[in-house]
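Please look over the sequence and the model below before reading on. The paragraphs after it go from the whole chain to single strands and then to single residues.

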Amino acid sequence: MTLKLFYIDSYLREASAKVEDVEVKGDRIKVLLDRTIFYPEGGGQPSDKGVIKGEGFRIEVEKVEGKDKIWHEGRLKGRVPEKGEEVELELDWEW
């Protein structure tokens with residue numbers, strides 16, 4: 001289950017997390033994290049957007065979905081992140 005940091009502090013713009021799972025299709029990627037600041041889509045509300053980055057890669061997050069397990073989907077630039085790897089999260093606050 002993903003820890004929903006947005007319920008703890010709705011003004012968080014940055015945080016760190018750990019990669020729990022990864023799915024890759026071409027330059028598209030879905031990442032499951034142990035915790036997140038990205039609010040998922042639901043009830044007609046669009047999801048947050050932003051960036052997940054680590055050493056040697058960057059994911060432009062375009063879609064976030066799920067309830068218990070929250071998946072972050074977007075365009076991958078660089079290498080594929082590995083399970084257990086620490087990443088940095090940044091919200092697109094203007095979005």
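What follows describes the overall make-up first, then the strand pairing, then three residues.

This is a predicted model, in which local features need pLDDT of at least 70 and side-chain atom pairs count only at pLDDT 80 or more, while totals for chains, interfaces and linings use all residues. Residues are numbered from 1 along each chain as its sequence is written, and side-chain values use heavy atoms, with hydrogens and water left out.

The protein contains one helix and eight strands. Helices (H or I, at least four residues) and strands (E, at least two) are DSSP runs, numbered from the N terminus. Along the sequence the order is β-α-β-β-β-β-β-β-β. The radius of gyration is 12 Å, close to the 12 Å that the globule rule gives for 95 residues, so the protein is as compact as a globular protein of that length. That radius is taken over C-alpha atoms, and the globule rule is 2.2 Å times the number of residues to the power 0.38. Taken along the principal axes, the C-alpha atoms fill a box of roughly 30 × 25 × 25 Å.

How much of the protein is buried? Of its 95 residues, 36% count as buried. Here buried means under 20% relative accessible area, exposed means over 50%, and partly exposed lies in between (1.4 Å probe, protein chains only). The protein exposes about 5700 Å², and carbon and sulfur atoms supply 46% of that area. Accessible areas come from the Shrake-Rupley method with a 1.4 Å probe; for residues, only the protein chains shown count as cover.

Contacts (heavy atoms within 4.5 Å) also describe the fold. Among contacts with a separation of 6 or more, residues 24 or more positions apart account for 60%. As for charge, there are 17 positive and 22 negative side chains, and the centres of the two sets lie 3 Å apart. Lys and Arg count as positive and Asp and Glu as negative, while His and the chain ends are not counted. The place of a charge is taken as NZ of Lys, CZ of Arg, CG of Asp or CD of Glu.

Next come the strand pairs; two strands pair if DSSP finds at least two bridges between them. A route through the strands can start at β2 (residues 14-25). Strand β2 runs antiparallel to β3, and six bridges join the two. One of the facing positions is Val24, opposite Ile29 in β3. The hairpin of β2 and β3 has two residues between the strands, and Gly26 in this hairpin takes a positive phi near 65 degrees.

Strand β3 (residues 28-33) is also joined to β7 (residues 71-78), in the antiparallel sense, by five bridges. Ile29 stands opposite Gly74 in β7, and Leu32 stands opposite Trp71. From β7 the route goes on to β6 (residues 57-65), which pairs with β7 antiparallel over eight bridges. Here Ile59 faces Leu76 of β7. Five residues lie between β6 and β7 in their hairpin, where Gly66 has a positive phi near 125 degrees.

Strand β6 is joined in turn to β5 (residues 50-54) by five bridges, and these two run antiparallel. Gly50 stands opposite Val61 in β6. The hairpin of β5 and β6 has two residues between the strands, and Gly56 in the turn has a positive phi of about 90 degrees. Strand β5 also runs antiparallel to β8 (residues 86-91), with four bridges between them. The bridge partner of Ile52 in β8 is Leu89.

Three residues show these strands in more detail. Which residues does Ala17 touch? Ala17 lies in β2 and is buried, with a relative accessible area of 3%. Leaving aside neighbours within four places in sequence, Ala17 is in contact with Leu33, Asp34, Arg35, Glu85, Glu86, Val87 and Leu89.

Val24 is in β2 too. At 41% relative accessibility, Val24 counts as partly exposed. Not counting residues up to four places away in sequence, Val24 touches Ile29 and Val80. Val24 and Leu76 are 52 residues apart along the chain, and their C-alpha atoms are separated by 8.8 Å.

Phe57 belongs to β6. Is Phe57 buried or exposed? Phe57 counts as buried, at 5% relative accessibility. Beyond neighbours within four places in sequence, the contacts of Phe57 include Ile52, Leu76, Pro81 and Val87. The C-alpha atoms of Phe57 and Leu76 are separated by 7.2 Å, with the two residues 19 apart along the chain.
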